[in-house]
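Visitor: Got a minute to walk me through this one? I'd like to start with a single residue and work outwards.

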Amino acid sequence: MWKRKELKDKAKKVIKKNYWTAIVICFLIALFTGEFGTSIMGIFPTDDSMDPYYIISHPDTIFESNQTETEKQNEILKRQEEIVENLKTKKENLSDTQLKIVNVIESYLDSMTKSQKFIFKISDAVKSFIVDKDVLGIGLAVMSIVSIAFSILIANPLIVSLRRYFIEARKKQSTKINVVLDIFKKQSWLSIAITMLLKDIFTFLWFLTIIGGFIKIYEYAMIPYILGDNPKMKWKETFKLSKQMMKGNKWKLFVLDLSFIGWEILSLLTFGLLNIFYVNPYKIATNVELYEVLKKDANETNSRSLSGAYFRLASA
């Protein structure tokens, strides 16, 4: 039985002996992958986080405009009204089943992509085609494809690398920043990229069932940590192991996440600076401590199972 306070106390000790390195790594991961999104929210403010038609209604972000500010604002309002009316007309021509599918996909794309507005523009590309702005839509689609490739091949492995760093940091007095490159050096990054992509796909599909997605988020929660500890593990084994480790622990992890809400509120008051300089590494280090506890429990419970084979390999 694990306790939140014990996990957090151990995490604080890990951060204390690797403070500046941990901060730099977490900040870089936030910058390149979109993880810890609220950490850089105050550094890169933009209307895009609030306006679902920002790119479409702001062509001057791509094409030069000589309009005055007042003319621009009036033109933007007019375009937004046209976009909304155009989308409404398009949807009215859909069947009930088609409309339900479109609404689910659109809402999920918006919620998923807008938090990483500088990386993904899928939603804006789709809207551009719908309102007959084909050139802009093609440009956004190309950017989206490049960005998705970056996310799959680079960003997701970096997220795993962050976990690997903190797994190593708890074992040593001082851990170097180049630990995050171990996964790429050992040529296991492609396997990790595939596993993390499958995790995202399965989570997306489960979200179509509404409640299933939230359950799977916690069922798959240990996957990045398992990969960080054992980068060469096959995807089926990784999923099975995470499911085993999280059995009976999903609600507890949810409560553990909620226990950081006070820190998140304080961080918002500092425009994300508190997250950068303390909360982000604190949360990851705490989750790594949880992973180590669950790993030990699973190994002791069934040494002949998949987890037993994995943990003997990981500790070799």
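Guide: Sure. Val-255 is a place to start: this residue sits in helix 13, which covers residues 250-258. Keep in mind that we're looking at a predicted model.

Visitor: Okay, is Val-255 buried, exposed or partly exposed?

Guide: Partly exposed, because its relative accessibility is 23%, and the buried class stops under 20%.

Visitor: And how far is Val-255 from Arg-4, in sequence and in space?

Guide: In sequence they're 251 residues apart, yet the C-alpha atoms of Val-255 and Arg-4 are 9.1 Å from each other.

Visitor: What about contacts over the whole chain? What share of those with a separation of 6 or more joins residues 24 or more positions apart?

Guide: That share is 68%.

Visitor: Let's zoom out, then. How many helices and strands are there?

Guide: The chain has 16 helices and zero strands. Of its 316 residues, 42% are buried. The accessible surface is about 17700 Å², and carbon and sulfur atoms account for 63% of that.

Visitor: Which residues have the most contacts inside the largest nonpolar core?

Guide: Leu-162, Tyr-165, Phe-166, Met-222, Met-245 and Leu-290, in a core of 39 residues. Helices 1, 2, 7, 11, 12, 13 and 15 each give two or more residues to this core. The biggest share comes from helix 15, with eight residues.

Visitor: Pick one of those residues for me. What does Met-222 touch, beyond residues up to four places away in sequence?

Guide: Met-222 touches Ser-242, Met-245 and Met-246, and also Leu-290, Tyr-291 and Leu-294.

Visitor: Any word on other cores?

Guide: Apart from the largest one lies another core, of 10 residues, including Ile-159, Val-160, Ile-183 and Tyr-220.

Visitor: Back to helix 12 for a sec. Which residues are buried there?

Guide: Thr-238, Phe-239, Leu-241, Ser-242, Met-245 and Met-246 are the buried ones in helix 12. Looking down the helix axis, they fall within an arc of 165°, so they line one face. Lys-236 and Lys-240 are exposed on the other side of helix 12.

Visitor: What span should helix 12 have, and what does the model show?

Guide: With 12 residues at 1.5 Å each, helix 12 should span 16 Å, and its end C-alpha atoms are 17 Å apart, so the two agree. After helix 12 comes Gly-248, with a positive phi near 80°.

Visitor: Which residue other than glycine has a positive phi?

Guide: Phe-271 is one, with phi near 55°. Phe-271 belongs to the loop between helix 14 and helix 15, and its relative accessible area of 63% is why it counts as exposed.

Visitor: And helix 15 itself? Where does it bend?

Guide: At Val-279, by about 45°, with a proline, Pro-281, following within four residues. As for length, helix 15 runs over residues 273-301, so its 29 residues should span 42 Å, and the end C-alpha atoms are indeed 42 Å apart.

Visitor: Last one: Asn-156. Buried or exposed?

Guide: Asn-156 counts as buried because its relative accessibility is 6%. Asn-156 lies in helix 7, and leaving aside neighbours within four places in sequence, Asn-156 is in contact with Ser-151, Met-196, Leu-197 and Asp-200.

Technical notes. Residues numbered from 1 in each chain as written. Predicted model: local features only at pLDDT ≥ 70, side-chain atom pairs only at ≥ 80, totals over all residues. Heavy atoms only, no water. Expected span 1.5 Å × (residues − 1). Bend = angle between axes of the 7 residues up to and from the residue. Buried < 20%, exposed > 50% of the residue type's maximum accessible area, 1.4 Å probe, protein only. Contact = heavy atoms within 4.5 Å. Areas by Shrake-Rupley, 256 points an atom, 1.4 Å probe, with all protein chains shown as cover. Core = buried A, V, L, I, M, F, W, Y, C linked by side-chain atoms within 4.5 Å. Arc of directions from axis to C-beta.
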